[in-house]
Structures are given as C-alpha cells and as structure tokens.
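Let's take a friendly walk through a protein model, stopping at a few individual residues along the way. Please have the structure open and ready to rotate.

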Amino acid sequence: MLDNKFCSSQHQKENICIDTYRVLDSCRDKDCFENVRVYLTDFGEEIIDRTSIIRAKCAKIVSAYIDINDVPFNRGFYQLNIKMYVKLVFEACISQGNIQEFDGIAVVEKKVILYGSEGNVNVFKSEQNASGFCNIKPCEGSCSNNLPTAVLETVDPIILNVKVVEPRAFPCCCCCCIDDIPDFVYNHISGKLCDRGDKALVVSLGFFSVVKIERPTQLIVNATEYNIPDKECTTAQEDDPCTLFKAMAFPVNEFSPPTLDTCACSVQLMKQDREKGKGCGCS
C-alpha cells in the first residue's frame, strides 16, 4: 500500500518554463471611416444606376493585412499599416415591391505606432514535413527576423450611412483600387468587381478594435501535474431529452442586460483614461 506522503508529493507545484508571446504595447480604438467607396459587381453597378433607394443589410470583415515597419529615429517603435477588407450586403428597391440584393467590397486603412522593443535573435524552427537528412530545404516561413508580431482584434463594423453619389462628388480615398484587392477576397462575393458605372456607392463604417504588438518570450510559472477529473461526462438520453435540459443552468446573464448606470460608468472610465493620457496612441 502506498504511503500518503508519496501520493501527495506527486502533485506538488514545480517551476516550469513555457515559450509564449509577451504583449509589449497595445491600444484600443474607435474609428469612423466616412464616404468609403464600395466596389460592386456588374450586377450591383446596374442596380445603383437605376435607383438610389438602398439600405445596408450587414457588413463582415473577410480579411485584414498588417504591414510593420521601423519608425525612423525612434528605436523600438514600429508603425503598423492596417488594411481591412469588408464585405457588405445591400438591398435596393427597383420598383414597387421588387427588392434586389447585391454585395460589394469596401477597403479601409489605418496606421498605428506602438512600442515593440528590439531583438537581435534569429529564430529557426524544424519543419514538420521534413523527410530524411538529405532533404535539406532553405528556411521558408520557419525562421523569423527581428520584427515583432502585430495582432489586430476587431468586431464586424457598424454601418452608419449609405448613399449613392456621382464618382466626382466625393474625395477619393486612394488607399486601394480594384486591382489591389487580393484574389481570395473575391471568393466572398457573388461576382467580379468592376468600376465602370455612372454612379458610386459610398458608406460610413464604425470600427471597434484592439491592436497589440508582441515578441516571443520564455516565462517560468508554477504548475502541477494534470489530475484526472472526478466528474463523469453527461450524455443525452434519446428517450428523455427533457432530463438533460432540466439539468442545464438557467442563462441569467442573457435576461439581465446592462443598465444605464453600468454603461454610464464604463463611458466615464474611458473618459478618465483619456484625460490621464492613457489613450491608445493610434494615429
């Protein structure tokens, strides 16, 4: 029979080293992009040439690109050029009771300056598909340079306004043209984009985002060995589905939306952060 002291010693805490990423700097932003050109398909161009009664149904970020560069004369700081591709779905009233749906792509761009420290270590990692000691390949995607890693966290944008205008009636935002849109973005729309219409569709979009800059690091943490859980898995009974339903916890939070006082408190805290100079530092 095992001694109790021996059994307890198997689960004592010990210091272990883990390889992870450390967030060196981050910021949050609330951006509003006005009069952003929406690139439409031939079908969409034909619709806006026939009507201006259009409303937006939804907007979804289908892809994002982040370019990171050193800031001259500011060691350790980096400028992040962020470009987001947004798919938008619209409804247009062509005639009485005739509603047509079409989609398009809008591109928005923002720049952020964050601190990312400096690094002088080149990292090389083994390939999972390596086969044999004679199969020597150059490092393709498995080595990293001294640039940090940029991370963008954002939710789908809020559509604030939609309107049809003449192509020369609004200032052009030359962050992107049709030829600059990647091919994989086309997979999310219903046709080929074009720019031959007599009118243009523009939208105003609101974004909430968090931008972080990270570097690899090693941390020492306290850990214990994994214990087998005592709780047994619960399976649904095909002949009595209500039994499993009754065992579920009631979703109280879904029926308790935040009150006005809670929202006002959050807004006040954000305002105090800005007054104290704790803004995101985004340009």
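What follows is a short tour of three residues and their surroundings.

A word before we start: this is a predicted model. Our opening stop is strand 1, which covers residues 14–41 and holds Asn 35. Look at the backbone here: Asn 35 is not a glycine, yet its phi is positive, at about 50°. How exposed is Asn 35? Its relative accessibility is 23%, and because buried means under 20% and exposed means over 50%, Asn 35 counts as partly exposed.

Now move along the chain to the loop that links strand 4 (98–115) with strand 5 (123–124), where you will find Ser 117. Here again a residue other than glycine has a positive phi, this time near 60°. Ser 117 has a relative accessible area of 21%, so it is partly exposed.

The last stop is Glu 91, which lies in strand 3 (residues 77–95). Is Glu 91 buried or exposed? With a relative accessibility of 15%, Glu 91 counts as buried, because the cut-off for that word is under 20%.

Which side chain does the side chain of Glu 91 meet in a polar contact? The partner is the side chain of Arg 55, at 2.8 Å. Arg 55 also appears in the wider list of contacts that Glu 91 makes beyond its neighbours within four places in sequence. That list includes Ile 53, Ile 54 and Lys 57, together with Ile 99, Gln 100 and Glu 101. Try displaying these side chains around Glu 91 to see the setting for yourself.

Technical notes: Residues numbered from 1 in each chain as written. Predicted model: local features only at pLDDT ≥ 70, side-chain atom pairs only at ≥ 80, totals over all residues. Heavy atoms only, no water. Helix = DSSP H or I, 4+ residues; strand = E, 2+ residues; numbered from the N terminus. Buried < 20%, exposed > 50% of the residue type's maximum accessible area, 1.4 Å probe, protein only. Polar contact = N/O pair within 3.5 Å; in protein donor to acceptor, adjacent residues only side chain to side chain. Contact = heavy atoms within 4.5 Å.
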